[in-house]
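Q: Please take one part of this structure and look at it closely for me, beginning with the aromatic rings and then following what lies around them.

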Amino acid sequence: MSKIDQQLFSSHEHALEKEFELCPKCGCELSIKNSKHGGFIGCNNYPTCDYTRPLVQHESIETQVIEGSQCPECGHELAVKSGRFGIFIGCTQYPECKHIEKQDQEVGGEEIPCPICTKGHIEHRTNRFGKSFYACSGYPKCKFLVNYPPVHETCPDCGFGILVERKGAAGARLECPKKQCKYKRAL
């Protein structure tokens, strides 16, 4: 253990750093910096020079217009676009028209009414981290949500309007989403 070369652990030498790469704005050296969003390449002359660029260049998808499509809100064409949540279909007249096509991921092929407000229906959604969940379409008035796919069946124990389908080591089962109710049934 005493023969460990401490130079291997120095923080100013990095395998991805390029020797003598210069800033295109001021001519100073560039180095790898870290932030809460990850690594990036920045100018050593910061705060005088604010040049930065991503450490890894991602391929960005260019907007591709879908021929023969029509926006239901403004009538212009729709296009395949890339955003922070991935690829989606939206209107080509973006700042003026904010129409986005929803994914066709209906819950079990039928519309399940919300068991709390009974005005909306349960729809599939994805959070900003890519995790799926099922929530009431009446949000923000109704904040009902479940993490597992709902089934349009009333709980025989407590009478709650839906059951959820959970998959585990023992196999798939239906159970009540209310914490107080302990109803479970194998599929």
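A: A charge sits over a ring if NZ of Lys or CZ of Arg is within 6 Å of the ring centre and within 35 degrees of the ring normal. In this predicted model, K98 lies in that way over the face of Y94, at 5.8 Å from the ring centre. Being a prediction, the model is read with pLDDT of at least 70 for local features and 80 or more for side-chain atom pairs, while totals for chains, interfaces and linings use all residues. Residues are numbered from 1 along each chain as its sequence is written, and side-chain values use heavy atoms, without hydrogens and water.

As for rings that meet one another, the structure holds one aromatic pair (Phe, Tyr or six-membered Trp rings, centres within 6.5 Å). Its members are F144 and F160, whose ring centres lie 6.1 Å apart with the planes at 55 degrees, so the pair is tilted (under 30 degrees would be stacked, over 60 edge-to-face). The pair links distant parts of the chain, 16 residues apart, with F144 in the loop between β9 (132–136) and β10 (145–146), and F160 in the loop between β11 (150–151) and β12 (163–168). Strands here are DSSP E runs of at least two residues, and helices H or I runs of at least four, numbered from the N terminus.

F144 has 13% relative accessibility and F160 has 12%, so both count as buried (under 20% relative accessible area with a 1.4 Å probe on protein chains only; exposed is over 50%, partly exposed in between). Setting aside its neighbours within four places in sequence, F144 is in contact (heavy atoms within 4.5 Å) with C114, P115, I116, I122, Y134, A135, C136, F160 and I162.

F144 also belongs to the largest nonpolar core (buried Ala, Val, Leu, Ile, Met, Phe, Trp, Tyr and Cys joined through side-chain atoms within 4.5 Å), which has 17 residues. Within this core, F144, C155 and C176 touch the most other members, and the elements that contribute two or more residues are β9 and β12. Another core lies apart from it, made of six residues that include C23, I41, C43 and Y51.

Looking at the stretches of chain involved, residues 114–149 are 0% helix and 36% strand, with the end C-alpha atoms 13 Å apart. Residues 153–176 are likewise 0% helix but 46% strand, and their end C-alpha atoms lie 10 Å apart.

Charged side chains complete the picture, and a search of the whole structure finds six salt bridges (Lys or Arg side-chain nitrogen within 4 Å of an Asp or Glu carboxyl oxygen). In one of them, the side chains of R125 and E123 meet at 2.7 Å, N to O; R125 counts as partly exposed at 24% relative accessibility, whereas E123 counts as buried at 16%. Another joins E175 and R173 at 2.9 Å, N to O, with E175 buried at 9% relative accessibility and R173 partly exposed with a relative accessible area of 23%. Through shared partners, salt bridges join R166, R173 and E175 into one network.

A further salt bridge brings together the side chains of D50 and K25, again with N to O at 2.7 Å. This pair links distant parts of the chain, 25 residues apart, since D50 sits in the loop between β2 (38–43) and β3 (52–54), and K25 in the segment before β1 (30–35). K25 is exposed, with a relative accessible area of 56%.
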